[in-house]
Amino acid sequence: MEERQDPWSSSQIKDYQKMREEFGIDSFNYVLEDNLMARRSLFVGQRDFWRIREAIERKDKFAAMTGLMPSGEMHLGSKAIIEQMIYFQKKGAQVHISVADLESYATRNIPLEKARTIAIENFLLNYIAMGLKRCNFYFQSTNARVQKFAFILAREINFTEMRSIYGFDDSKRMLEINSPIIQASDILSPQIYDEPMPTIVPVGADQDPHLRLTRDISSRMNIIKSKTNGKSITFSIGGREDPEPYFNIIRDVIKDSGFEIGKINQKYRTAEVENFEGSTYDLDLKIARKERELNHINSIAPSSVIMRLETGIRGGKMSKSVPDSTISLNEEPDQAEKKIRRAVTGGRESVEEQKRLGGNPYICPVFELYLYHLSSTDIDLKNVEEECKSGTRLCGGCKIEASDLMSHFLSDLKEKRESSRHLVGEYLENGK
Ligand code: SF4
(Lines give C-alpha, C1' and ligand atoms only; values in the text may rest on other atoms or scores of the structure.)
Protein backbone atom coordinates (compact mmCIF):
# COMPACT_ATOMS: atom_id res chain seq x y z
CA MET A 1 0.00 0.00 0.00
CA GLU A 2 1.27 3.52 -0.78
CA GLU A 3 2.72 5.28 2.27
CA ARG A 4 1.48 8.87 1.99
CA GLN A 5 3.76 11.73 2.99
CA ASP A 6 1.41 13.87 5.00
CA PRO A 7 2.72 17.31 6.05
CA TRP A 8 -0.01 17.70 8.68
CA SER A 9 0.03 14.25 10.27
CA SER A 10 2.02 13.08 13.31
CA SER A 11 2.72 9.61 11.88
CA GLN A 12 6.28 8.50 11.22
CA ILE A 13 7.66 7.42 7.78
CA LYS A 14 8.78 3.80 8.01
CA ASP A 15 10.58 3.04 4.76
CA TYR A 16 12.70 5.78 3.18
CA GLN A 17 13.88 3.62 0.28
CA LYS A 18 10.25 3.01 -0.67
CA MET A 19 9.51 6.72 -0.26
CA ARG A 20 12.35 7.59 -2.67
CA GLU A 21 11.13 5.08 -5.25
CA GLU A 22 7.49 6.13 -5.03
CA PHE A 23 8.07 9.86 -5.25
CA GLY A 24 11.11 10.02 -7.54
CA ILE A 25 13.49 11.32 -4.87
CA ASP A 26 17.24 10.79 -5.36
CA SER A 27 19.52 9.44 -2.64
CA PHE A 28 21.83 11.94 -0.98
CA ASN A 29 25.31 10.81 -2.03
CA TYR A 30 27.22 14.05 -1.59
CA VAL A 31 30.13 14.38 0.80
CA LEU A 32 29.69 17.44 3.02
CA GLU A 33 32.28 17.04 5.73
CA ASP A 34 31.31 20.30 7.43
CA ASN A 35 27.64 19.35 7.70
CA LEU A 36 26.79 17.24 10.75
CA MET A 37 23.52 15.90 9.33
CA ALA A 38 25.10 14.91 6.02
CA ARG A 39 28.01 13.19 7.82
CA ARG A 40 25.59 11.25 10.00
CA SER A 41 23.44 10.13 7.03
CA LEU A 42 20.42 12.09 8.25
CA PHE A 43 19.67 13.35 4.74
CA VAL A 44 17.48 10.63 3.30
CA GLY A 45 17.06 12.19 -0.11
CA GLN A 46 17.47 15.21 -2.34
CA ARG A 47 16.09 16.85 -5.43
CA ASP A 48 18.58 18.58 -7.75
CA PHE A 49 21.05 19.19 -4.97
CA TRP A 50 23.78 19.31 -7.67
CA ARG A 51 22.63 22.85 -8.51
CA ILE A 52 23.27 24.03 -4.95
CA ARG A 53 26.64 22.32 -4.78
CA GLU A 54 27.65 24.05 -8.00
CA ALA A 55 26.32 27.41 -6.80
CA ILE A 56 28.38 27.08 -3.61
CA GLU A 57 31.52 26.01 -5.47
CA ARG A 58 31.18 28.87 -7.97
CA LYS A 59 30.23 31.35 -5.22
CA ASP A 60 27.10 32.14 -7.26
CA LYS A 61 23.97 33.77 -5.99
CA PHE A 62 21.47 31.28 -4.55
CA ALA A 63 18.56 31.34 -2.13
CA ALA A 64 17.63 29.19 0.86
CA MET A 65 13.97 29.10 1.78
CA THR A 66 11.92 27.69 4.63
CA GLY A 67 8.72 28.42 6.46
CA LEU A 68 7.45 28.02 9.98
CA MET A 69 3.94 27.31 11.13
CA PRO A 70 3.24 29.48 14.20
CA SER A 71 0.86 27.14 15.96
CA GLY A 72 2.79 26.22 19.09
CA GLU A 73 6.30 25.64 20.37
CA MET A 74 9.41 25.16 18.24
CA HIS A 75 10.61 21.63 18.98
CA LEU A 76 13.81 19.70 18.39
CA GLY A 77 12.51 18.38 15.05
CA SER A 78 12.27 21.93 13.64
CA LYS A 79 15.70 22.83 15.05
CA ALA A 80 17.31 20.64 12.37
CA ILE A 81 15.76 22.76 9.60
CA ILE A 82 17.12 26.00 11.04
CA GLU A 83 20.56 24.45 11.44
CA GLN A 84 20.49 23.78 7.70
CA MET A 85 19.35 27.34 6.97
CA ILE A 86 22.28 28.62 9.03
CA TYR A 87 24.61 26.22 7.21
CA PHE A 88 23.49 27.50 3.78
CA GLN A 89 23.58 31.11 4.97
CA LYS A 90 27.25 30.58 5.88
CA LYS A 91 27.77 29.15 2.39
CA GLY A 92 26.48 32.38 0.86
CA ALA A 93 22.71 31.81 0.46
CA GLN A 94 20.22 34.66 0.66
CA VAL A 95 17.91 33.37 3.40
CA HIS A 96 14.13 33.76 3.24
CA ILE A 97 11.86 32.59 6.06
CA SER A 98 8.11 32.77 5.75
CA VAL A 99 5.84 32.76 8.77
CA ALA A 100 2.89 30.69 7.55
CA ASP A 101 0.37 32.60 9.63
CA LEU A 102 -2.26 32.27 6.90
CA GLU A 103 -1.77 28.51 7.04
CA SER A 104 -1.98 28.37 10.85
CA TYR A 105 -5.19 30.39 10.58
CA ALA A 106 -6.53 28.07 7.87
CA THR A 107 -5.59 24.74 9.41
CA ARG A 108 -5.38 25.43 13.18
CA ASN A 109 -7.66 28.46 13.58
CA ILE A 110 -4.89 30.59 15.17
CA PRO A 111 -5.69 34.33 15.00
CA LEU A 112 -3.08 36.33 13.07
CA GLU A 113 -2.03 38.50 16.04
CA LYS A 114 -1.47 35.44 18.21
CA ALA A 115 0.49 33.78 15.39
CA ARG A 116 2.74 36.84 15.27
CA THR A 117 3.60 36.57 18.97
CA ILE A 118 4.22 32.81 18.68
CA ALA A 119 6.45 33.33 15.63
CA ILE A 120 8.63 35.84 17.44
CA GLU A 121 8.76 34.34 20.93
CA ASN A 122 8.89 30.64 20.07
CA PHE A 123 10.72 30.70 16.76
CA LEU A 124 12.58 33.86 15.71
CA LEU A 125 14.26 34.32 19.10
CA ASN A 126 15.52 30.73 18.95
CA TYR A 127 16.74 31.22 15.37
CA ILE A 128 18.79 34.25 16.42
CA ALA A 129 20.06 32.44 19.52
CA MET A 130 21.15 29.53 17.32
CA GLY A 131 23.17 31.86 15.10
CA LEU A 132 20.93 32.86 12.17
CA LYS A 133 22.09 36.21 10.80
CA ARG A 134 19.81 38.87 9.32
CA CYS A 135 17.58 37.57 6.57
CA ASN A 136 14.25 38.13 4.85
CA PHE A 137 11.87 37.07 7.67
CA TYR A 138 8.27 37.87 6.74
CA PHE A 139 4.64 37.06 7.50
CA GLN A 140 2.45 35.63 4.72
CA SER A 141 -0.46 37.78 5.90
CA THR A 142 1.39 41.06 5.34
CA ASN A 143 3.40 40.11 2.26
CA ALA A 144 1.31 41.38 -0.64
CA ARG A 145 3.81 40.15 -3.24
CA VAL A 146 3.64 36.55 -2.02
CA GLN A 147 -0.17 36.71 -1.88
CA LYS A 148 -0.40 38.18 -5.37
CA PHE A 149 1.93 35.56 -6.80
CA ALA A 150 -0.06 32.78 -5.07
CA PHE A 151 -3.12 34.08 -6.91
CA ILE A 152 -1.28 33.73 -10.22
CA LEU A 153 0.00 30.24 -9.32
CA ALA A 154 -3.50 29.02 -8.52
CA ARG A 155 -4.14 29.15 -12.27
CA GLU A 156 -1.60 26.38 -12.78
CA ILE A 157 -3.12 23.68 -10.60
CA ASN A 158 -6.45 21.93 -10.32
CA PHE A 159 -8.20 20.07 -7.53
CA THR A 160 -7.45 16.61 -8.97
CA GLU A 161 -3.72 17.32 -8.69
CA MET A 162 -4.07 18.66 -5.15
CA ARG A 163 -6.01 15.55 -4.20
CA SER A 164 -3.40 13.27 -5.71
CA ILE A 165 -0.52 15.02 -3.89
CA TYR A 166 -2.17 15.71 -0.52
CA GLY A 167 -5.03 13.22 -0.37
CA PHE A 168 -7.63 15.99 0.08
CA ASP A 169 -11.21 14.77 0.04
CA ASP A 170 -14.35 16.65 -1.01
CA SER A 171 -14.93 17.99 2.51
CA LYS A 172 -11.67 19.97 2.56
CA ARG A 173 -12.19 23.69 3.03
CA MET A 174 -10.96 26.05 0.34
CA LEU A 175 -8.69 27.83 2.85
CA GLU A 176 -6.83 24.60 3.55
CA ILE A 177 -6.62 23.71 -0.13
CA ASN A 178 -5.15 27.13 -0.77
CA SER A 179 -2.38 26.83 1.87
CA PRO A 180 0.07 24.75 -0.21
CA ILE A 181 -0.33 27.24 -3.08
CA ILE A 182 0.78 30.07 -0.80
CA GLN A 183 3.73 27.93 0.25
CA ALA A 184 4.64 27.38 -3.40
CA SER A 185 4.51 31.14 -3.79
CA ASP A 186 6.84 31.51 -0.77
CA ILE A 187 9.34 29.12 -2.35
CA LEU A 188 9.35 30.71 -5.82
CA SER A 189 9.03 34.38 -4.81
CA PRO A 190 12.78 34.96 -4.22
CA GLN A 191 13.28 34.18 -7.92
CA ILE A 192 10.19 35.98 -9.17
CA TYR A 193 10.98 39.25 -7.41
CA ASP A 194 14.71 39.07 -8.12
CA GLU A 195 15.92 36.80 -10.95
CA PRO A 196 16.05 33.05 -11.63
CA MET A 197 18.59 31.39 -9.32
CA PRO A 198 19.12 28.04 -7.60
CA THR A 199 17.05 27.72 -4.44
CA ILE A 200 17.50 25.19 -1.68
CA VAL A 201 14.61 24.16 0.54
CA PRO A 202 15.62 21.91 3.47
CA VAL A 203 12.59 19.82 4.44
CA GLY A 204 11.60 16.99 6.71
CA ALA A 205 10.58 13.92 4.70
CA ASP A 206 6.90 14.62 5.43
CA GLN A 207 7.12 18.05 3.76
CA ASP A 208 8.31 16.77 0.38
CA PRO A 209 4.79 17.04 -1.17
CA HIS A 210 5.19 20.85 -1.06
CA LEU A 211 8.36 20.51 -3.12
CA ARG A 212 6.69 18.23 -5.64
CA LEU A 213 3.85 20.69 -6.08
CA THR A 214 6.19 23.68 -6.38
CA ARG A 215 8.55 21.98 -8.83
CA ASP A 216 5.58 20.97 -11.01
CA ILE A 217 4.26 24.52 -11.00
CA SER A 218 7.71 25.95 -11.73
CA SER A 219 8.12 23.68 -14.73
CA ARG A 220 4.67 24.61 -16.09
CA MET A 221 5.36 28.32 -15.89
CA ASN A 222 8.60 28.09 -17.86
CA ILE A 223 8.16 28.54 -21.60
CA ILE A 224 11.57 27.03 -22.40
CA LYS A 225 12.07 23.58 -20.91
CA SER A 226 15.16 21.43 -21.26
CA LYS A 227 15.87 17.74 -20.97
CA THR A 228 19.24 16.02 -21.06
CA ASN A 229 20.23 12.38 -21.37
CA GLY A 230 23.88 13.05 -20.56
CA LYS A 231 24.87 13.15 -24.26
CA SER A 232 22.54 15.75 -25.72
CA ILE A 233 20.06 18.38 -24.60
CA THR A 234 16.63 18.93 -26.07
CA PHE A 235 14.93 22.28 -25.55
CA SER A 236 11.21 22.55 -26.07
CA ILE A 237 9.15 25.71 -26.27
CA GLY A 238 5.79 25.55 -24.54
CA GLY A 239 2.88 27.97 -24.63
CA ARG A 240 1.03 29.14 -27.69
CA GLU A 241 2.97 32.28 -28.42
CA ASP A 242 5.21 32.77 -31.45
CA PRO A 243 8.19 30.48 -30.65
CA GLU A 244 10.73 32.54 -32.63
CA PRO A 245 11.82 34.90 -29.79
CA TYR A 246 12.40 31.82 -27.61
CA PHE A 247 14.35 30.03 -30.37
CA ASN A 248 16.50 33.16 -30.55
CA ILE A 249 17.21 32.97 -26.82
CA ILE A 250 18.26 29.34 -27.16
CA ARG A 251 20.43 30.09 -30.24
CA ASP A 252 22.16 33.05 -28.53
CA VAL A 253 22.88 31.24 -25.26
CA ILE A 254 24.07 28.07 -26.97
CA LYS A 255 26.38 30.01 -29.26
CA ASP A 256 27.77 32.14 -26.39
CA SER A 257 28.44 28.99 -24.42
CA GLY A 258 30.52 27.45 -27.23
CA PHE A 259 28.05 24.76 -28.35
CA GLU A 260 26.19 24.26 -31.61
CA ILE A 261 22.52 23.78 -32.22
CA GLY A 262 21.83 20.60 -34.14
CA LYS A 263 18.26 20.01 -35.21
CA ILE A 264 15.54 22.64 -34.91
CA ASN A 265 12.02 21.36 -35.35
CA GLN A 266 9.64 24.27 -35.97
CA LYS A 267 6.55 22.10 -35.95
CA TYR A 268 7.26 20.52 -32.56
CA ARG A 269 8.98 23.66 -31.26
CA THR A 270 12.18 21.83 -30.24
CA ALA A 271 15.91 22.45 -30.61
CA GLU A 272 18.64 19.93 -29.91
CA VAL A 273 22.27 20.28 -28.88
CA GLU A 274 24.21 17.11 -29.64
CA ASN A 275 27.52 16.03 -28.12
CA PHE A 276 26.81 17.84 -24.91
CA GLU A 277 28.69 16.67 -21.85
CA GLY A 278 28.84 17.97 -18.34
CA SER A 279 26.58 20.08 -16.22
CA THR A 280 23.64 22.09 -17.56
CA TYR A 281 24.01 24.56 -14.66
CA ASP A 282 25.25 27.46 -16.79
CA LEU A 283 22.91 26.90 -19.71
CA ASP A 284 19.86 26.55 -17.47
CA LEU A 285 20.68 29.74 -15.63
CA LYS A 286 21.52 31.78 -18.72
CA ILE A 287 18.42 30.63 -20.56
CA ALA A 288 16.17 31.25 -17.56
CA ARG A 289 17.55 34.77 -17.10
CA LYS A 290 17.11 35.56 -20.80
CA GLU A 291 13.61 34.08 -20.78
CA ARG A 292 12.77 36.42 -17.91
CA GLU A 293 12.85 39.32 -20.40
CA LEU A 294 9.78 37.76 -22.07
CA ASN A 295 8.20 35.74 -19.28
CA HIS A 296 8.05 37.41 -15.86
CA ILE A 297 7.08 34.26 -13.92
CA ASN A 298 9.72 31.72 -14.94
CA SER A 299 12.07 30.06 -12.44
CA ILE A 300 14.66 27.37 -11.84
CA ALA A 301 12.96 24.38 -10.18
CA PRO A 302 13.82 24.53 -6.46
CA SER A 303 16.20 21.95 -5.01
CA SER A 304 15.84 20.21 -1.67
CA VAL A 305 17.60 18.19 0.95
CA ILE A 306 15.21 15.83 2.65
CA MET A 307 15.82 15.02 6.29
CA ARG A 308 15.05 11.87 8.16
CA LEU A 309 12.24 12.58 10.64
CA GLU A 310 13.29 12.54 14.26
CA THR A 311 11.48 10.02 16.43
CA GLY A 312 9.54 11.39 19.39
CA ILE A 313 10.90 10.27 22.75
CA ARG A 314 7.80 8.12 23.32
CA GLY A 315 7.95 6.78 19.71
CA GLY A 316 6.24 8.05 16.51
CA LYS A 317 7.15 11.31 14.78
CA MET A 318 8.43 14.18 16.93
CA SER A 319 5.53 16.54 16.44
CA LYS A 320 4.02 19.42 18.39
CA SER A 321 0.68 17.63 18.31
CA VAL A 322 2.15 14.98 20.66
CA PRO A 323 3.61 17.13 23.50
CA ASP A 324 4.68 14.22 25.76
CA SER A 325 6.86 12.85 23.01
CA THR A 326 8.38 16.18 22.05
CA ILE A 327 10.93 18.53 23.57
CA SER A 328 10.40 22.18 22.83
CA LEU A 329 13.27 24.66 22.68
CA ASN A 330 11.43 26.94 25.13
CA GLU A 331 10.80 24.09 27.55
CA GLU A 332 12.06 24.43 31.13
CA PRO A 333 15.20 22.26 31.43
CA ASP A 334 13.86 20.26 34.39
CA GLN A 335 10.69 19.47 32.43
CA ALA A 336 12.76 18.19 29.50
CA GLU A 337 14.85 16.08 31.89
CA LYS A 338 11.70 14.42 33.23
CA LYS A 339 10.50 13.65 29.69
CA ILE A 340 13.81 12.06 28.71
CA ARG A 341 13.79 9.88 31.81
CA ARG A 342 10.37 8.55 30.72
CA ALA A 343 11.55 7.93 27.13
CA VAL A 344 11.24 4.57 25.44
CA THR A 345 14.60 2.98 24.57
CA GLY A 346 16.17 0.19 22.57
CA GLY A 347 17.21 -1.53 25.78
CA ARG A 348 16.58 -5.12 26.88
CA GLU A 349 14.06 -6.50 29.36
CA SER A 350 16.60 -6.69 32.20
CA VAL A 351 19.98 -5.25 33.16
CA GLU A 352 21.54 -8.74 33.00
CA GLU A 353 20.23 -9.30 29.49
CA GLN A 354 21.46 -5.89 28.35
CA LYS A 355 24.94 -6.52 29.76
CA ARG A 356 25.02 -9.87 27.98
CA LEU A 357 23.41 -8.96 24.62
CA GLY A 358 23.79 -5.17 24.42
CA GLY A 359 21.07 -2.65 23.51
CA ASN A 360 19.83 -1.59 20.09
CA PRO A 361 20.67 2.10 19.48
CA TYR A 362 19.08 1.99 16.00
CA ILE A 363 15.56 1.79 17.39
CA CYS A 364 16.22 4.01 20.41
CA PRO A 365 14.83 7.59 20.58
CA VAL A 366 17.40 8.44 23.29
CA PHE A 367 20.19 7.49 20.89
CA GLU A 368 18.54 9.81 18.35
CA LEU A 369 18.89 12.66 20.82
CA TYR A 370 22.65 12.05 20.80
CA LEU A 371 22.64 11.61 17.02
CA TYR A 372 20.77 14.83 16.17
CA HIS A 373 21.58 17.12 19.08
CA LEU A 374 23.73 16.00 21.96
CA SER A 375 26.94 14.48 20.58
CA SER A 376 28.85 17.39 19.15
CA THR A 377 31.66 15.19 17.83
CA ASP A 378 31.45 12.00 15.80
CA ILE A 379 33.79 10.29 18.28
CA ASP A 380 31.39 10.98 21.18
CA LEU A 381 28.54 9.57 19.11
CA LYS A 382 30.53 6.47 18.16
CA ASN A 383 31.31 5.85 21.83
CA VAL A 384 27.61 5.97 22.78
CA GLU A 385 26.76 3.62 19.91
CA GLU A 386 29.52 1.10 20.68
CA GLU A 387 28.95 1.15 24.44
CA CYS A 388 25.23 0.56 23.88
CA LYS A 389 25.78 -2.35 21.51
CA SER A 390 28.39 -3.97 23.72
CA GLY A 391 26.24 -3.77 26.85
CA THR A 392 28.68 -1.56 28.77
CA ARG A 393 26.14 1.30 28.65
CA LEU A 394 22.84 0.82 30.43
CA CYS A 395 19.66 2.73 29.66
CA GLY A 396 19.26 4.33 33.11
CA GLY A 397 22.69 5.98 33.05
CA CYS A 398 22.38 6.77 29.37
CA LYS A 399 19.13 8.69 29.96
CA ILE A 400 20.66 10.61 32.87
CA GLU A 401 23.60 11.64 30.69
CA ALA A 402 21.23 12.64 27.85
CA SER A 403 18.97 14.63 30.16
CA ASP A 404 21.96 16.47 31.69
CA LEU A 405 23.26 17.38 28.23
CA MET A 406 19.79 18.47 27.11
CA SER A 407 19.28 20.55 30.23
CA HIS A 408 22.61 22.29 29.64
CA PHE A 409 21.71 22.94 25.99
CA LEU A 410 18.27 24.38 26.85
CA SER A 411 19.63 26.61 29.65
CA ASP A 412 22.32 27.96 27.36
CA LEU A 413 19.78 28.59 24.58
CA LYS A 414 17.48 30.38 27.03
CA GLU A 415 20.29 32.77 28.01
CA LYS A 416 21.11 33.39 24.37
CA ARG A 417 17.43 34.07 23.60
CA GLU A 418 17.28 36.73 26.26
CA SER A 419 20.50 38.37 25.16
CA SER A 420 19.24 38.32 21.52
CA ARG A 421 15.90 39.99 22.25
CA HIS A 422 17.13 43.47 21.33
CA LEU A 423 17.99 42.19 17.82
CA VAL A 424 14.46 41.03 16.92
CA GLY A 425 13.46 44.33 15.29
CA GLU A 426 16.31 44.02 12.79
CA TYR A 427 14.78 40.78 11.45
CA LEU A 428 11.22 42.05 11.09
CA GLU A 429 9.78 44.01 8.16
CA ASN A 430 9.87 47.71 9.14
CA GLY A 431 11.45 46.72 12.49
CA LYS A 432 8.02 45.89 14.00
S1 SF4 B 1 21.86 2.41 26.36
FE2 SF4 B 1 21.18 4.40 25.66
S3 SF4 B 1 21.31 4.29 23.44
FE4 SF4 B 1 21.38 2.19 24.22
S5 SF4 B 1 19.26 1.49 24.16
FE6 SF4 B 1 19.65 2.30 26.21
S7 SF4 B 1 19.00 4.43 26.10
FE8 SF4 B 1 19.24 3.69 24.03
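**Notebook: the interface of domain 1 and domain 3**

I looked first for charged pairs and found three salt bridges across the interface of domain 1 and domain 3, a salt bridge being a side-chain nitrogen of Lys or Arg within 4 Å of a carboxyl oxygen of Asp or Glu. I noted that Arg39 forms a salt bridge with Asp378, with the closest N and O atoms 2.7 Å apart.

I recorded that this is a predicted model, in which local features need pLDDT of at least 70, side-chain atom pairs count only at pLDDT 80 or more, and totals for chains, interfaces and linings use all residues. Residues are numbered from 1 along each chain as its sequence is written, and side-chain values use heavy atoms, with hydrogens and water left out.

I then looked up the domain bounds, which come from an automatic or database domain assignment: domain 1 covers 16-221 + 299-307, domain 2 covers 224-291 and domain 3 covers 331-427. The contact (heavy atoms within 4.5 Å) takes 20 residues from domain 1 and 21 residues from domain 3.

I next read the buried area, which is the accessible area (1.4 Å probe) that two parts lose on being put together, summed over both. Between domain 1 and domain 3 it is about 2,000 Å², and carbon and sulfur atoms give 61% of it. Arg40, Leu76 and Leu125 supply 30% of the area that domain 1 buries against domain 3, more than any other three residues.
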